[in-house]
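Please look over the sequence and the structure shown here before reading on.

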Amino acid sequence: MTLDPSLINQIESLRIPLDNPESPLDWKDWYHYILIHPKTGMRILVNITLMGRPQRGEIQVSLIINSPNSLLPPYLQTKDLIATFATAVAIPWKANYVGSQPLEIQAKGVHLQIQGEQSKIQVQDKRSQLYIEFKTQVKATPLLVTEDAKFGNGFIGWGLIPGLEVLGKFDIGETQFHLNSDWLCYHDRNFGRFRWGEDIGWEWFVIFAQTETKIPLTLILDWRTNKTHTQGGLPYIFIYQNHQLSKIFLGETLRLNWQWSTVPYQPLRLPGVMASLFSDRVLKMPQSLQIEAEDEQDHLLLNLNFDATLELIVPDNQSRQYTFIEELSGTVETHLKINETQLIAQGFVYAEYVQ
């Protein structure tokens, strides 16, 4: 497979104008990685976001690790079947923390460098005793979906690279795990101008699944909505086989059916200051999602079940308003009829429901 270097550069390039001291504070640029280990069911999110501008902005860093308890030493095990370890920190953005050619973000506890098809990521939070470092190499066809779609009172852009080779390690407390070719890695990029807490939301996931005949499938959902998810643009699902785009379902061909917990409760919540501020907030959390998609040729049925949830609360940087990101992960069963071929696959999902 031949990769287009100019397309990768277009996806990864920083959009916030670093040389403009009057750059608007509602600019956002973020780099998002999902890692999944199919053999064990471990799942990891790493997200590094720039918000605002140098001297008047933040570098926001999130690291979430979901692990079956059976993989953990006794001192790390929890009462849940899937243990969650997570941190979210905000670092004041100083002038020398970010460079654009090549892209590099470096501050205390975070380092991201992207150069062509390769990237290096490192995140550490000593207080939470969490650490991850890894390198990636692009191996799936990149896709720049949009650069200026209307979103809230501004716009959003989105590009994705749904398959990367990964090599590295991560620590939970004193226990170390290795990242190698057994791990699957997804990366996407968002950028744009809008404000957290506006009338915005989205539904998104990435699925890594494999058929009994070892055909790898990657599926990505994206639907940008308002806060109540009653209005939005066209939803779409991209389907990759063997790291190449093979099908897109979009618009009215998609039917999404979310199922929620029967009673409201208080989920695990980050960052800590937001957890304190919203300590009385209880809500019903997503438990499962069924999706059916069909056009004149092909058919898709997905059954997603979430066994790990966490709420990220993201404040606006200009006024007291907030966006709530429900981070979800779990298992998935995929039934796909494509080009007269029936494929049944099992795997894992990482999803977000934003309101």
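The paragraphs below go from the sheet to the nonpolar cores.

This is a predicted model, in which local features need pLDDT of at least 70 and side-chain atom pairs count only at pLDDT 80 or more, while totals for chains, interfaces and linings use all residues. Residues are numbered from 1 along each chain as its sequence is written, and side-chain values use heavy atoms, with hydrogens and water left out.

Seven strands form an open sheet in the order S5-S6-S7-S8-S9-S12-S13, with antiparallel pairing; strands (E, at least two residues) are DSSP runs numbered from the N terminus, and two of them pair if DSSP finds at least two bridges between them. Strand S5 (98-100) and strand S13 (175-179) are at the edges with a single partner strand each, so one side of each has no neighbour in the sheet. Within the sheet, strand S7 (residues 110-115) runs antiparallel to strand S8 (residues 118-125) and is joined to it by six bridges, and Gln 113 has Lys 120 in S8 as its bridge partner.

The largest nonpolar core, a set of buried (under 20% relative accessible area, 1.4 Å probe, protein chains only) Ala, Val, Leu, Ile, Met, Phe, Trp, Tyr and Cys residues joined through side-chain atoms within 4.5 Å, has 46 residues, of which Tyr 33, Ile 44, Ile 59 and Phe 170 touch the most other members. Strand S2 (residues 42-51) gives the most to this core, with five residues. Leaving aside neighbours within four places in sequence, Phe 170 is in contact (heavy atoms within 4.5 Å) with residues including Met 42, Ile 44, Tyr 131 and Trp 183.

Methods:
Buried < 20%, exposed > 50% of the residue type's maximum accessible area, 1.4 Å probe, protein only. Helix = DSSP H or I, 4+ residues; strand = E, 2+ residues; numbered from the N terminus.
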